[in-house]
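Biologist: Please take one part of this model and examine it closely, setting it in the context of the whole. I should like the criteria stated along with the values.

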Amino acid sequence: MTDLGHVAIRHLELEQFRAHVALTLDVPPAGLRIHGPNGSGKTTILEAIQLLSTTRPRRGALDNDLIHHESGRDLGLQPYARVVGVFDRAGAVARVEAFIQRGVRGNTARKTLKVGERARRAADVVGLIPTVSFAPDDLELVLGTPSIRRRFLDVLLSQTDKQYLRCLGKYAKILAQRNGLLRRVDALGPTADQFVFWDEQLVALGSYLVAARVRAVARLAECAAARFELLAPGIGEFQLAYVSTLDAPAPWWRALVNEPNDTFDAAQRVGVMFERRLRESGVQERARGMTVVGPHRDDISVALGGRELARFGSRGQQRVAVIAVKLAEIDVISSTTSLRPIFLIDDVLSELDMHRRRALLQAVAAEQCQLLVTSTEAELLEDPALTHTGELELG
Amino acid sequence: MRPSKLTAEPVSRLVDELGRLPGIGPKSASRLTYYLLRASREQALALAEAILELKERVFLCSTCFNITETDPCALCLDPTRDRSIICVVEEPLDALALERTGEYRGLYHVLHGAISPVDGIGPDKLRIRELLERVERERPQEVILATNPNIEGDATAMYIARQLIPRGITTSRPASGLPVGGDLEYADEITLGRALVGRRAL
Ligand SMILES: [Zn+2]
């Protein structure tokens, strides 16, 4: 834990960003506690920082949704939104800007990203300012659908592995095309040679995703188990494991974590397995008109002492599990990027009892992460761990 | 758009027709229609004639499937072109862009699209069968697969290469694509690292 670079937002500017027509904010090094009624734009402030960190709006939102609908009108411009963040990053200052403008036609929006004064592609911005976000969605990590856990991994890995980010975007496109082909399978439908390209790409890209996830979950599991033990001592070992539709025996997966030098080597091995499983599932996928094996169907299992937490755990244990996973996310990002991520807590404190709330805030403070936290109730933000943070009240 | 009783039949007919054009939604279609309604008779006629002329005088070259007013097209007939190379492109505009560079002296073959199963475009919807017949007939030394540098373009190039290689035809694919509005995002994705090495070779 030595020599970690500090990352903190120092200054934030929102212009025509959702409901904020113009907002300028200085953030103290320790962070900021933000309170105000629903709809006052608390979440939006965190979303703006997340946008600069991951280049994406929060889950379920589109770039277009970020634009204040009346913006630009008085200037005769297409509606737009702008976010500028000035960050401390490992001793240097980094200025990151996102500018989104609605297209002339339909629901399109164009996003321009800048670091300093230079335009950058999304892949070069992601990972620059690492963040860990704890939002109401995350409370579903244990009980929710596999897609929530996959997305959690995708967000984490996109910040720590550029190759992952590239493969992820391309995999989705290849998958959609391959499923398109599968839907057209009938007597006169596509012949085997039409699958060659899509199969090869699916396997090459998907293998990288699976290999990266397996290795990340192994690291995450270790950290999360330690975190869980600190939060709830002596009630059993907390276990996370990657569950893949590629369906190989456990020792094979363990070897994948321990042996290969890097993710590319691991991906080569996964590729062999993926190819075989793809062949085996041919009948099933043609019947269902979709690709049934691959990282888009995988999951993470969450267990306590060998028993599935979603089915056998108490609500309290499930909450502790979510906190442990979120704190473990700090550990994984710190160890892979050598940077302390900014921690964003959006509106979840009211879902935790006082004991767990305090444990979460103390753990984040102990990591010396900058912490921005929102709540509708100001009193939930009165915690010793937040003493040095600034306060912002929105009306 | 349902024709309503408030709208004259010719108006809703034109709105429907314009609405079928790529990139034009119902809103734009209405706007264009009402614009034309107010426009001078001369302007409306000029547009109608331009469309008619396009359909009557321009057709596809039966050899290279580029757009032409004569068949075969001027380029296919040009004795100074290098007949040992055929460059395969997606659209007539791609051939035009390549011509503008002045670097290429061979022949073209226009596919009129790229393989995209999601959109229901398979090899049979493109001029691929015609390309294979042409290659058998003309036996060029090399076929350059200059489809767009995106997933669909890659899929198309790969599919064609797999047909040509057993026929003993050398195929190649420009590494960075054409100087034709190829999407920037892709330019860096092409280097997918070691995981894809070997798979990309045609
Ligand atoms: Zn021709």
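Modeller: Chain B has an average pLDDT of 82, and 83% of its residues score at least 70; pLDDT is the predictor's confidence in each residue, from 0 to 100. Over residues 176-202 of chain B the pLDDT is below 50, yet this stretch has 39 contacts in the model beyond near neighbours in sequence. Two residues are in contact if their C-beta atoms, placed from the backbone, lie within 7 Å. The model scores ipTM 0.80 and pTM 0.84. This is a predicted model, in which local features need pLDDT of at least 70 and side-chain atom pairs count only at pLDDT 80 or more, whereas totals for chains, interfaces and linings use all residues. Residues are numbered from 1 along each chain as its sequence is written, with chains lettered from A and ligands numbered from 1 in the order in which they are written.

The part I have chosen is helix α11 of chain A, residues 354-366. Helices (H or I, at least four residues) and strands (E, at least two) are DSSP runs, numbered from the N terminus. The expected span of a helix is 1.5 Å times one less than its number of residues, so the 13 residues of α11(A) should span 18 Å, and its end C-alpha atoms are indeed 18 Å apart. After α11(A) comes Gln368(A), which has a positive phi, near 60°.

Which residues of α11(A) are buried? They are Arg357(A), Ala359(A), Leu360(A), Leu361(A), Ala363(A), Val364(A) and Ala365(A). A residue is buried if 20 or more other C-beta atoms, placed from the backbone, lie within 10 Å of its own, exposed if 12 or fewer, and partly exposed in between. The cover over the buried residues of α11(A) includes α5, α10 (315-337), β13 (342-346) and β14 (371-375) of chain A.

Helix α5 (residues 196-231) of chain A also supplies 20 residues to the largest nonpolar core, the largest share of it. Such a core is a set of buried Ala, Val, Leu, Ile, Met, Phe, Trp, Tyr and Cys residues joined through C-beta atoms within 7 Å. This one has 141 residues, and those with the most contacts inside it are Ala224(A), Ala321(A), Ala324(A) and Val88(B). Leaving aside neighbours within four places in sequence, the contacts of Val88(B) include His109(B), Leu131(B), Val143(B) and Ile160(B).

Chain B itself comprises eight helices and six strands, and 26% of its 202 residues count as buried.
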